[in-house]
Amino acid sequence: MAPPLEHGEHISGTTRRSLLAGVAALGALGAAGCSRVATASTTGGGELLDRLRAAGVVRLGIAGEIPFGYIDKNGDLTGEAPELAKVVFKRLGVDRVQPVPTEFGSLIPGLNSQQFDVVAAGMYVTPERCQQVIFADPDYQMLDSFIVRKGNPKGLHNYKDVVAKKAKFATGTGYAEIGYAVEAGYKESDILIVPDQVAGLNAVEAGRVDVFAGTALTTREVVKKSAKAEATKAFTPTVGGKPHTDGGAFAFRRTETNLRDAFNAELRKLKKSGELLRVLKPFGFTQAEMTDLTAKELCGG
């Protein structure tokens with residue numbers, strides 16, 4: 001779910017990645033994991049890592065969003081962020097992870113009210129969020145891509161193309177791509193807003209629109225079985241006149257710099273060895289989503 005609009009992708013903080021219907025059914029599981037954790041130390045970088053090691057378990061705030069963090073059909077916790085958490089926290093001496101499902105908009109409030117220990121939901125790092133939590137460095141970056149008719153007959157490769165060729169444009173509810181298109185000169189009232197990438201694919205296949213904009217990962221995955229549509233090559237949108245790349249990361253309470261720093265140290269090792277890509281690959285991530293972006297850069301310095 002990023003700067004103009006989204007989970008990662010947002011301008012106003014709304015989520016682009018719709019909650020899955022199954023999240024509501026996870027209430028009992030969430031309640032089981034929602035007991036409050038011990039209050040963290042406010043000095044010396046926090047003591048939470050020591051407490052997690054002693055307890056042997058870390059509570060992960062998730063938002064039930066594929067592929068970022070969700071409960072699968074077998075009732076198991078999975079997704080790019082939880083699977084990465086299992087690897088990193090194991091290395092940090094914490095053997096188990098426990099999911100605490102919540103709505104995306106409740107992740108930061110839930111973290112700061114100590115309902116769980118860390119946000120593991122692929123959350124985009126934005127300056128606004130950096131005022132409320134501290135982030136690890138991003139474990140992935142995300143570019144944009146279009147769903148178009150096979151052969152891309154209108155030659156649409158970026159938002160400027162959409163404007164110049166007067167293409168019929170669609171994107172999802174709360175998506176960052178709304179802001180990207182408007183910045184390129186597309187009239188917001190002319191944008192067709194659909195619930196998600198599946199609805200966007202259907203709109204393109206039916207000829208109701210020429211293009212649907214989403215993240216490179218979601219467009220790439222949704223067109224795999226389509227005989228009528230394809231995904232364009234990933235590209236970097238423009239924000240404030242400059243190329244902009246979003247990055248998703250784990251979030252921690254602002255007092256817990258020791259835990260964040262320890263997490264970052266292990267994350268750097270995973271990036272260097274190539275193991276990070278191996279962990280994320282089953283969820284549709286590719287080398288194009290690997291990144292050296294830092295939280296400091298995305299927080300605005």
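These legends accompany several close-up views of a predicted model.

**Figure 1. The whole chain, before we zoom in.** Let's start with the overall tally: the predicted chain has 12 helices and 15 strands. Of its 301 residues, 55% are buried. The accessible surface is about 12900 Å², and carbon and sulfur atoms account for 52% of that area.

**Figure 2. Strand β11 and its two partners.** All five residues of β11 are buried, so the strand is largely enclosed by the rest of the structure. Strand β8 runs antiparallel to β11, and five bridges join the two. If you would like a pair to look for here, try S145, whose bridge partner in β11 is G214. Strand β9 (residues 169–172) pairs with β11 in the parallel sense, over three bridges. For this pairing, find T171, which has A213 as its bridge partner in β11.

**Figure 3. Helix α8 and what covers it.** Helix α8 spans residues 197–205, and its buried residues are A199, G200, L201, A203 and V204. The cover over these residues includes the strands β8 (144–149), β10 (192–194), β11 (211–215) and β12 (229–231), along with helix α9 (216–222). At the start of α8, look for D196: one of its side-chain oxygens comes to within 3.1 Å of the backbone nitrogen of V198. After the helix comes G207, with a positive phi near 80 degrees.

**Figure 4. Helix α7, mostly covered.** Seven of the nine residues of α7 (residues 176–184) are buried. The buried set consists of A176, E177, I178, G179, Y180, A181 and A184. Just after the helix sits G185, where phi is positive at about 115 degrees.

**Figure 5. F285 and two aromatic partners.** The structure holds 14 aromatic pairs, and this view takes in two of them. F68 and F285 have ring centres 6.4 Å apart and planes at 80 degrees, so they form an edge-to-face pair. F68 is in the loop between β1 (57–62) and β2 (70–71), while F285 is in the loop between α11 (275–280) and α12 (295–299), so this pair ties together parts that are 217 residues apart in sequence. Both F68 and F285 are buried. The rings of Y140 and F285, with centres 5.3 Å apart and planes at 65 degrees, are edge-to-face too. Y140 belongs to strand β7 (residues 140–142), so its pairing with F285 ties together parts that are 145 residues apart in sequence. Like F285, Y140 is buried.

**Figure 6. An aromatic cluster.** Here you can pick out the rings of F146, Y159, F169, Y180, Y186 and F235, which form one cluster. Y180 may be familiar from the view of α7, where it is one of the buried residues.

**Figure 7. A selection of salt bridges.** The whole structure contains 10 salt bridges. Within helix α2 (residues 48–55), R53 bridges to D50, with the closest N and O atoms 3.8 Å apart. These two residues are three places apart in the helix, which puts about one helical turn between them. R53 is partly exposed, at 39% relative accessible area.

R91 and E266 form another salt bridge, and their closest N and O atoms are 3.8 Å apart. R91 lies in helix α3 (residues 80–91) and E266 in helix α10 (residues 257–273), so the pair ties together parts that are 175 residues apart in sequence. E266 is buried, at 11% relative accessibility, whereas R91 is partly exposed at 39%.

The side chains of E221 and K224 also meet in a salt bridge, at 3.2 Å from N to O. E221 is partly exposed at 32% relative accessibility, and K224 is exposed at 59%. Finally, R91, E266, K269 and E275 are joined into one network by salt bridges that share partners.

How values were computed: Residues numbered from 1 in each chain as written. Predicted model: local features only at pLDDT ≥ 70, side-chain atom pairs only at ≥ 80, totals over all residues. Heavy atoms only, no water. Buried < 20%, exposed > 50% of the residue type's maximum accessible area, 1.4 Å probe, protein only. Helix = DSSP H or I, 4+ residues; strand = E, 2+ residues; numbered from the N terminus. Contact = heavy atoms within 4.5 Å. Polar contact = N/O pair within 3.5 Å; in protein donor to acceptor, adjacent residues only side chain to side chain. Phe/Tyr/Trp six-rings, centres within 6.5 Å; stacked < 30°, edge-to-face > 60°. Areas by Shrake-Rupley, 256 points an atom, 1.4 Å probe, with all protein chains shown as cover. Pairing = 2+ DSSP bridges. Salt bridge = Lys/Arg side-chain N within 4 Å of Asp/Glu carboxyl O.
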